[in-house]
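Visitor: I would like a close look at a single part of this model, with its surroundings brought in as needed. Please keep it plain.

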Amino acid sequence: MHLLIAVVNQEEKLEEVLSGFMEIGVTGATVISSEGMGRLLSSEVPIFAGLEAFADRTRPRNQTLFSVIEDDDKVERALRLLQEVCGSFDEPARGIAFTVPVTRVVGLKPELSGG
């Protein structure tokens, strides 16, 4: 069992990602709006105000997804889907995705079978 954490820097791609998750059988995720450190520091901390020139103020906020996924194959498919929809995460400003092992969980409903 894994916790998939994905920061999607392209807010307009979120619906496509979540629809894709459903298609592959990932039926639960929590999504929160988030903001990168550089953007936050440039606007909130006076000593970092010089960074403001580098912050893209027109870009929407990031969306961070959290999903506990039991099946290793679904984890791999979810990671591939993220990169297909958002583009390679190796390119700047695309986002980041990673997993961490989950050893115990309560309150998790079983995933629907699918894809």
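**The loop before strand 4, and what surrounds it**

Guide: Arg 94 sits in the loop between helix 3 and strand 4 (95-101). The model is a predicted one. Arg 94 has a relative accessible area of 24%, and it counts as partly exposed because that value lies between the 20% limit for buried and the 50% limit for exposed. Leaving out residues up to four places away in sequence, Arg 94 touches Val 7, Val 8, Asn 9 and Gln 10, and also Cys 86, Gly 87, Ser 88 and Phe 89. Asn 62 is 32 residues from Arg 94 along the chain, and the C-alpha atoms of the two are separated by 9.8 Å.

To place this loop, take the whole chain. The protein chain has three helices and four strands, and from the N terminus on its elements run β-α-β-α-β-α-β. Of its 115 residues, 32% count as buried. Among contacts between residues at least 6 apart in sequence, 82% join residues at least 24 apart.

Strand 4 follows the loop, and Thr 99 lies in that strand. With neighbours within four places in sequence set aside, Thr 99 is in contact with His 2, Leu 3, Leu 4 and Val 75. From Thr 99 to His 2 there are 97 residues in sequence, yet 6.0 Å in space, C-alpha to C-alpha. Thr 99 and Leu 3 are 96 residues apart in sequence and 5.3 Å apart in space, again C-alpha to C-alpha. At 31% relative accessibility, Thr 99 counts as partly exposed.

Leu 3 belongs to strand 1. Beyond four places in sequence, Leu 3 touches Phe 98, Thr 99, Val 100 and Val 102, as well as Phe 66, Ser 67 and Val 68. Phe 66 is placed in strand 3. Not counting residues up to four places away, Phe 66 touches Leu 3, Leu 4 and Ile 5, together with Ala 29, Thr 30 and Ile 32. Val 31 is 35 residues from Phe 66 along the chain, with 6.5 Å between their C-alpha atoms. Phe 66 is partly exposed, with a relative accessible area of 30%.

On the other side of the loop in sequence is helix 3, which brings in the core. In soluble globular proteins, nonpolar side chains tend to be buried together. Here the largest nonpolar core has 17 residues, and Val 17, Phe 21 and Leu 82 have the most contacts inside it. Strand 1 (2-8), helix 1 (14-24), strand 3 (62-69) and helix 3 (72-86) are the elements that give two or more residues to this core. Helix 3 gives the most, with six residues.

Leu 82 shows how several parts meet in that core. Apart from neighbours within four places in sequence, Leu 82 is in contact with Leu 4, Ala 6, Val 8, Val 17, Phe 21, Gly 87, Phe 89 and Ala 97. Val 8, Gly 87 and Phe 89 in that list are also among the residues that Arg 94 touches.

That leaves the packing of helix 3 against helix 1. Two packed helices are described by the angle between their axes and the distance between the axes. For helix 1 and helix 3 the angle is about 150°, and the axes are 10 Å apart. The angle is over 145 degrees, so helix 1 is roughly antiparallel to helix 3. Helix 1 passes helix 3 in a right-handed crossing. On helix 1 the contact is made by Glu 16, Val 17, Gly 20, Phe 21 and Ile 24, and on helix 3 by Lys 74, Arg 77, Ala 78, Leu 81, Leu 82, Val 85 and Cys 86. By class, this contact has eight nonpolar, one polar and three charged residues. Cys 86, part of the contact on helix 3, is also touched by Arg 94.

Definitions and conventions: Residues are numbered from 1 along each chain as its sequence is written. This is a predicted model: local features need pLDDT of at least 70, side-chain atom pairs count only at pLDDT 80 or more; totals for chains, interfaces and linings use all residues. Side-chain values use heavy atoms; hydrogens and water are left out. A nonpolar core is a set of buried Ala, Val, Leu, Ile, Met, Phe, Trp, Tyr and Cys residues joined through side-chain atoms within 4.5 Å. Buried means under 20% relative accessible area, exposed over 50%, partly exposed in between (1.4 Å probe, protein chains only). Contact means heavy atoms within 4.5 Å. Axes are lines fitted to C-alpha atoms, for helices over the stretch in contact, and angles run from 0 to 180 degrees between N-to-C directions. Angles under 35 degrees count as roughly parallel, over 145 as roughly antiparallel, 65 to 115 as roughly perpendicular and the rest as oblique. A crossing is left-handed if the near helix is turned anticlockwise from the far one by less than a right angle, and right-handed if clockwise. Ala, Val, Leu, Ile, Met, Phe, Trp, Tyr, Cys and Pro count as nonpolar, Asp, Glu, Lys and Arg as charged, and the others, Gly among them, as polar.
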